[in-house]
Amino acid sequence: MKKVQGNDSFHRINYLYQISKHIVKINPTLSSYYGNLMVNVAKKNVLKMHPDIKRQICKKCRCILLFGETAKMKIKTKNKQKIVEWTCNTCSTKKSLPASKDKDPLWLERDEAVVEVIN
Ligand SMILES: [Zn+2]
């Protein structure tokens, strides 16, 4: 089997993400703790978290943003571009993400980003 750089860390990030999301309704502080661990594991091993995961974490307290539970969501128009604005219920930090369909997809979401699939 081919070795993947940082494979163990990706497994760890995945696991932490799942428990963080699972615990957020019961204990947002614990969710922040796991979110913090995820970011630190990625930083220490110089890995990038997947954008889908990164978008769900509050950039300040690193709690999982769950619509109607731990965060509020609004759709706004800024410079004729639609953006989705998330507000964290724990620390009130706002996070905006582009929502326009005509916007270029992230590099990671394009087909050429996948070089090889390893099972
Ligand atoms: Zn927050």
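A nonpolar core is a set of buried Ala, Val, Leu, Ile, Met, Phe, Trp, Tyr and Cys residues joined through side-chain atoms within 4.5 Å. Here, buried means under 20% relative accessible area, exposed means over 50%, and partly exposed lies in between, with a 1.4 Å probe and protein chains only. Keep both ideas in mind as we walk through this structure.

This is a predicted model, in which local features need pLDDT of at least 70 and side-chain atom pairs count only at pLDDT 80 or more, while totals for chains, interfaces and linings use all residues. Residues are numbered from 1 along each chain as its sequence is written, and side-chain values use heavy atoms, with hydrogens and water left out.

## The overall picture

The chain holds 3 helices and 3 strands. Helices (H or I, at least four residues) and strands (E, at least two) are DSSP runs, numbered from the N terminus. Following the sequence, you meet them in the order α-α-α-β-β-β. The C-alpha trace spans about 45 × 40 × 20 Å along its principal axes. Of the 119 residues in the chain, 33% are buried.

Contact means heavy atoms within 4.5 Å. Among contacts between residues at least 6 apart in sequence, 43% join residues at least 24 apart.

## The core

Which residues have the most contacts inside the largest nonpolar core? They are Ile 13, Met 38, Met 49, Ile 53, Ile 57, Leu 65 and Trp 86, in a core of 23 residues. Helix 1 (7-23), helix 2 (28-44) and strand 2 are the elements that give two or more residues to this core. Helix 2 gives the most, with 5 residues.

Trp 86 is a good residue to click on. Leaving aside neighbours within four places in sequence, Trp 86 is in contact with Leu 65, Phe 67, Ala 71, Lys 72, Met 73, Thr 93, Lys 94, Lys 95 and Leu 97. One of these, Met 73, is also linked to Trp 86 by strand pairing, since Trp 86 in strand 2 is the bridge partner of Met 73.

## The hairpin

Two strands pair if DSSP finds at least two bridges between them. Strand 1 (residues 71-78) and strand 2 (residues 81-88) do so in the antiparallel sense, over 8 bridges. Their hairpin has 2 residues between the strands, and Asn 79 takes a positive phi near 50° there.

Most residues other than glycine have a negative phi. Two further non-glycine residues have positive values: Val 46, at about 50°, and Arg 62, near 60°. Val 46 lies in the loop between helix 2 and helix 3, whereas Arg 62 lies in the loop between helix 3 and strand 1.

## The zinc site

Which residues donate to the zinc ion? Cys 58, Cys 61, Cys 88 and Cys 91 do, each through its SG atom, at 2.2 to 2.3 Å. Donors are N, O and S atoms within 2.8 Å of the metal (3.2 Å for Na, K and Ca); water is not among the atoms, so sites may look incomplete. The donor residues are spaced C-x2-C-x26-C-x2-C in sequence. Within this set, Cys 58 in the loop between helix 3 (51-54) and strand 1 and Cys 88 in strand 2 link distant parts of the chain, 30 residues apart. Both Cys 58 and Cys 88 are buried.

Why is the arrangement tetrahedral? The 4 donor atoms subtend angles of 105 to 116° around the zinc ion, so the arrangement is tetrahedral. Four donors count as tetrahedral if all angles lie between 85 and 135 degrees. The ideal angle for four tetrahedral donors is 109.5 degrees.

## Buried or exposed?

Here are four residues to compare on screen.

| Residue | Relative accessibility | Class |
|---|---|---|
| Ser 9 | 13% | buried |
| Ser 32 | 12% | buried |
| Lys 82 | 48% | partly exposed |
| Val 46 | 72% | exposed |

Ser 9 is found in helix 1. Its side chain makes a polar contact (a pair of N or O atoms within 3.5 Å; within protein, one must be able to donate a hydrogen and the other to accept it, and residues adjacent in sequence count only if both atoms are side-chain atoms) with the side chain of Asn 45, at 3.2 Å.

Ser 32, in helix 2, touches Cys 61, Arg 62 and Cys 63, not counting residues up to four places away in sequence. Lys 82 belongs to strand 2. Lys 82 and Ile 64 are 18 residues apart in sequence and 23 Å apart in space, C-alpha to C-alpha.

Methods:
Tetrahedral: all angles 85-135°; square planar, octahedral: opposite > 155°, others 65-115°.
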